[in-house]
Amino acid sequence: MKILHCADLHLDSRLETNLKAEKAKKRRNEILNKFAELVEYANENEIMHIIIAGDLFDRDNVSTKVQNVVIGNITNYPNIQFYYLRGNHDSNNFITSLDVVPENLHMFEDEWKTYYIVSETSRNFKVAVTGVELTYDNNNKIYSSLHLNSDEFNIVVLHGQENEHKSKDRAEVISRSDLRNKNIDYLALGHVHKYERGELDARGIYCYPGCLEGRGFDELGVHGFVVLDINEDTKELRDDFIAFSTRCLYEVAVDISECMTTIEVLEKINAELSQIECTKEDMIKIILTGEVDVNIEKSISYMTTNLEQRFFFVKIYDESTLAVDVKDYSGDVSLKGEFVRLVSGLEDIDEEKKAAIIRCGIKALDGEEINKCI
């Protein structure tokens, strides 16, 4: 028996932190289409059960288009059963907007609810899918009220941050210690946006599939979902992470200490990018580091334009510092020299801040973009 476990799709996310309006719109549509591709993947691979462990949507007011795409994909595949547990980003308006909830869409509530998957080939085998939506009111009660049959294969669905112990102040904290020895075979979690798998106890494991697509540079690398393949005779579980994201996000640090020109910096960037498996579909954040000569010529805008031809999105952050020796400007009659002497003579600023101000001032006088000064 095969079951697909996904979470944190965050459909209808605005995505405007990094992307301009047109690309943000395109990216929103890509992520929405990824849900349709996920359902089609399940259908093609004869996976008849999909667990969505929270945060299917990103905000309270989900657009009509997004709702229609989601419900359309559910109703168009009546052979696939969907088990949807709402997360902290989900709201009720998706369900309340429906005239009729599809028969193959199964929801959870604020008390434990179980759905049984009965094998078509073995009468002695069934899977229990049990879940509860965490709230401030039930967080301290759910563990004592969870009772699972040891003879069944038990999947428990929760959305929150797993921890060794529960928290009195945070509803979304899941206590591992209180879930041990509860006859759980697979703890299907949502909330953490990267793939994570670990041992729960001698019998079971816990797993976050991560988000389906990275949306920002705090969600780096490959993303996807997990497919469970349960042997109906032995009850042995095989769980595989399936890479599925259309685009990956990468953050690359580049030391440009030895560079003197824009072209040399670009060569260093390209050398670092060649070490990772990024493609033209991906989103790249480059952080320039190191201490560079004050006479370096580097154009962030030129390098960004050059790299944008090769990737979906590129952002360059210049966090390099200038190696400035104030004594070199003692007799300099230029505006730059006058600026350095003026800052150096200030008495109410410590030397570290003076150095930072001088570095930023020299950058500004050279016409460079300033991302970070002090």
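**Helix H5 and its surroundings in a predicted model**

The buried residues of helix H5 are covered by, among others, helix H4 (262-273) and the strands S16 and S18. The structure described here is a predicted model, and H5 makes a handy place to start looking at it. The helix takes in residues 300-308, and its buried residues are Ile300, Met303, Thr304 and Leu307. These four sit on the same side of H5, because the arc they cover around the axis is only 100°.

Two of the elements that cover H5, S16 and S18, also turn up together in a sheet. That sheet is open, has three strands in the order S15-S16-S18, and pairs them in parallel. Strands S15 (249-255) and S18 (313-318) are at the edges with a single partner strand each, so one side of each has no neighbour in the sheet. Ignoring direction, neighbouring strands here are turned against each other by 15° on average. As for the pairing between S15 and S16, the latter made up of residues 283-289, the two strands run parallel and are joined by seven bridges. Within this pair, Glu251 is found opposite Lys285 in S16.

Elsewhere in the chain, strand S4 is a short story of its own: S4 covers residues 105-107, and His106 is part of it. Is His106 buried or exposed? With a relative accessible area of 15%, His106 falls under the 20% cut-off, so His106 counts as buried. Once the neighbours within four places in sequence are set aside, the contacts of His106 are Gln81, Phe82, Tyr83, Tyr84 and Tyr115.

Zooming out, the protein chain holds seven helices and 19 strands. Its C-alpha trace spans about 90 × 40 × 40 Å along the principal axes. The radius of gyration fits into that picture: the chain has 27 Å, whereas a compact globule of 374 residues would come out near 21 Å. Even so, 51% of the 374 residues count as buried. Contacts across the sequence can be put in numbers too: taking those between residues at least 6 apart in sequence, 65% join residues at least 24 apart. As for the outside, the accessible surface of the protein chain is about 18,600 Å², and carbon and sulfur atoms account for 45% of that.

Terms used. Residues numbered from 1 in each chain as written. Predicted model: local features only at pLDDT ≥ 70, side-chain atom pairs only at ≥ 80, totals over all residues. Heavy atoms only, no water. Pairing = 2+ DSSP bridges. Axes fitted to C-alpha atoms, helices over the stretch in contact; angles between N-to-C directions. Rg over C-alpha atoms; globule rule 2.2 N^0.38 Å. Buried < 20%, exposed > 50% of the residue type's maximum accessible area, 1.4 Å probe, protein only. Contact = heavy atoms within 4.5 Å. Areas by Shrake-Rupley, 256 points an atom, 1.4 Å probe, with all protein chains shown as cover. Arc of directions from axis to C-beta.
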